[in-house]
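Here is a short report for a reader new to this structure. It starts with one strand and works outward to the chain contacts.

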Amino acid sequence: MADKILAKDKLGDFLGKLQADYEVYAPQEVEGKPQWAPVEESDKVLWDFSNTHTSPKDFFFPQTEIMMRFKNVQDHENGMVMEAEPPLANKRLLFNIRPCDAKAFQVLDLIFVQDEMTNDLFWKDKRDKTTLVGLACSDPCPSCFCTSMNCGPASTTGLDALVFDLGDKLLVRALTEKGEAVAEGLDDAAEADQAAAEEQTKAAEAQISSSVGMDKVNERSVMELYEAGMWDRVYENCLNCGTCTYVCPTCHCFDIQDETQGESGRRVRNWDNCMSWLFTMHGTGHNPRGAKKDRVRQRFMHKFKYIPVKRDGEIGCVGCGRCVLLCPVNIDVRRVVNDMNA
Amino acid sequence: MEAVAQKIRETAAKLLSEGKVDCVIGYAQGTVPMRDYPYFAYTPEEAQNLTWSPFCCNNLANFLIRRPKGEIGKVAIVAQGCVSRSIVGLIKENQIAREDVYILGVPSPGMVDRRKVQDRFPLKTITEVTVDGEDLVVKGKDFEERIPQKEVRRDNCYTCVQRNPVIVDEMMGEEGPSDWGGNIDAVAAPWEKLEPGERWEAFIDEVDSCIRCYACRDACPLCYCHVCFVDEAMPQWCGKTQDEADVATFHILRAFHCAGRCTDCGACESACPQGIKVRRFTSKIEKDIRELYDYSPGMDLEATPPLSVYRPNDPQEFIK
Amino acid sequence: MSDNSQYQPRIAAFLCNWCSYGAADLAGVSRLQYPPNIHVIRIPCTGRMSPKFILQAFRQGVDGVWVSG
Amino acid sequence: MKSLLEYVGIEPGRLHFSWISSAEATKFQETVVEVTESVKALGPAKHMIKDIRKVA
């Protein structure tokens, strides 16, 4: 793993070269907010931003994804024609993705792609064809708590390459074969540059002001946490809207529906969220999570207990802080987890 | 402002210790700048967490209805003009009983739109915002700036016509002027000027960032249907996809269901994570209701909502 | 036939059982001629009408909606 | 409803309301003609349609 160096004024050439092989996306300013967009001019690529407004999970798990289309055909031997959606046509590259978001995809890989039988083709196709080039955080926000969530400002998990912004030049660290392909042809980095990158990471880690304790959450049994009294207060002001789940990079629940129109139709899957009463509603009319408290508890228990228990300690949260900033009633995940850990 | 907050804390503590109410619904200071959140105080000690600031953007009337029956008995609620109007609406629609609510009336100072503040510092992180008289002091890592509050208020606070509560059990401060002088009829004006094709474009442009989280619906005290039309499956009125038709259906019907009921509290717009100006739709309807029926929701407990009665002189120009 | 009359719109007509549906019946009995573009949906009363119906009709691709009591 | 749909950009003339008694066969016939002509003049609807038919 050799570190490479790229002068920032050569970025246009560098990205231009990549665009021959990839569709390149990067965070850019869209309507005043940092948002993911296709790269058209390299000087529009943002360097000085906290994180994108919404998470990039829809690159792999679109909010609405067509799974197949179908049509009744009388004289067909099955009476019906079914047609799979074509896989992704081009290779993609997400440039300047934050390490926390990349880490989220690694967590989701554990869920979407488990073994031969549990292998989400739609997710895997897009993951395989996408290269993630991360941008190490040099200036974490007050709402970030990645270091408490097995992650960090320069975490490499889930990334193919990691870029450090050293002012007028970039240090590019290839991490996988896909990453090597991106960094190919760049000059080797000097030791001083590597040291600067280390320095930057340490400073960023030190700047993360909020921390969340997980030790007692890990110790306690599922039932002990489930029955904890703290849940009686957490849900009080929750609106049961889906903001937290839809902006979350690791929330991954979906709802599959067949939509029909006359003789034809399509199967789509849409994001769903555990805050909605409809989420667990049974055909019988019974709802195992009928009360608001149950639903709020589910979201936190899933992220901080169920996933760690089932996935060898991986946490279903990366500490990006989006829900902290966007919850309309300020239900702060840090406060909730600290309560769980109390 | 701080005097009002102090009065709220004292009154809340008194009501709770005397057992007059079981719970006081107010606001507490949030964990991120400019986001004070709805808070439920059950004891006099908890009442000390209550606050009052220009960052109280939720509509607390919402919490009078979204709780299982019998969970709490009598509640006191902090209410400025728009919230009190929502309470009037809920009483009229038989969702709550007047005697179960003790209204702590506050004159509204006009709430701050945190997005307008953020827009002053594009892509920068705001770490702290404090109120200093008529100004906000906004701090970030490498900047500190004073912004007059009146420049960054929420749109609906500029066009507010009722800052003082309409029904009150106890006032938490002096009544102030009733409006900010904005023209509420003007909210819908930009689109009204457009041609139909342009309007559709403007409408889709506004809603295309919608992520269907339904925060606007869930933040709204009018949206208390047990099963919302978007959740109905047989028949399915509104698909769950991000298709233009589905998103448009949601926004059109949500707005329409608030016809003649919306008090323009702005909770929907404040709740939206994407900053969609959802009030554009409801304010048009309310303007029509004012013009057709000379009615403003929630202003009077005795007035009959126009869409629930038939009068021989109802306007019928739209009927052939 | 001129060109612009080639296009035949589809119009969903929500008719009240007691008023316009009756009128449609009478129009038929009286042998009055009218365009065949309307697709009549009989509703028990115009009070049954809901804005959802109108949007649903548009969603399914009709070119116009007519509600008549 | 008419006003709101027009506000978001559905053309006036796509949505009609009328009041016809069961004895008014002539008015019925006249209204059908009027509604049809009005929609015809606008051409096919472009908005709000959920078209999912895209299959071989």
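## A buried strand and its surroundings

In this predicted model, strand β1(C) has side chains pointing two ways: C:Ile11, C:Ala13 and C:Leu15 to one side, C:Ala12, C:Phe14 and C:Cys16 to the other, and all are buried. The pattern fits a general rule. In a regular strand the side chains alternate between the two faces of the sheet.

How many residues of strand β1 of chain C are buried? Six of the six are, so the strand, residues 11-16, is largely enclosed by the rest of the structure.

**Strand partners**

Strand β1(C) pairs with two strands. Toward β2(C) there are six bridges, and the two strands run parallel. Here C:Phe14 has C:Ile41 of β2(C) as its bridge partner. Strand β3 of chain C, residues 64-68, is joined to β1(C) by five bridges, again in parallel. In that pairing, C:Val65 of β3(C) stands opposite C:Ala12.

| Strand paired with β1(C) | Bridges | Direction | Residue pair |
|---|---|---|---|
| β2(C) | six bridges | parallel | C:Phe14 and C:Ile41 |
| β3(C) | five bridges | parallel | C:Ala12 and C:Val65 |

Helix α1 of chain C, residues 20-29, also belongs to this picture. Together, β1(C), α1(C) and β2(C) form a β-α-β unit, and the unit is right-handed.

**From chain C to chain D**

Helix α1(C) also meets another chain. Its axis comes within 8 Å of the axis of α2(D), the helix of residues 25-42, and the two cross at roughly 95°. The two helices are therefore roughly perpendicular to each other. Which residues meet here? From α1(C) come C:Ser20, C:Ala23, C:Ala24, C:Leu26 and C:Ala27; from α2(D) come D:Ala25, D:Lys27, D:Phe28 and D:Gln29.

**The chains together**

Five pairs of chains are in contact, and chains C and D share the most contacts. Chains A and C do not touch: their nearest C-alpha atoms are 8 Å apart. Chains A and B do meet, with 35 residues from chain A and 29 residues from chain B. On the chain B side, β2 (37-41), α8 (215-218) and α10 (267-271) each supply at least two residues. The largest share there, three residues, comes from β2(B).

**Confidence in chain C**

The average pLDDT of chain C is 87, and 93% of its residues score at least 70. Confidence is highest in strand β2 of chain C (residues 38-43), at 94, and lowest in helix α2 of chain C (residues 51-59), at a mean of 89.

Key
Residues numbered from 1 in each chain as written. Chains lettered and ligands numbered in written order. Predicted model: local features only at pLDDT ≥ 70, side-chain atom pairs only at ≥ 80, totals over all residues. pLDDT = per-residue confidence, 0-100. Helix = DSSP H or I, 4+ residues; strand = E, 2+ residues; numbered from the N terminus. Contact = placed C-beta atoms within 7 Å. Buried ≥ 20, exposed ≤ 12 C-beta atoms within 10 Å, placed from the backbone. Pairing = 2+ DSSP bridges. Right-handed = clockwise from strand over helix to strand, strands pointing away. Axes fitted to C-alpha atoms, helices over the stretch in contact; angles between N-to-C directions. Parallel < 35°, antiparallel > 145°, perpendicular 65-115°, else oblique.
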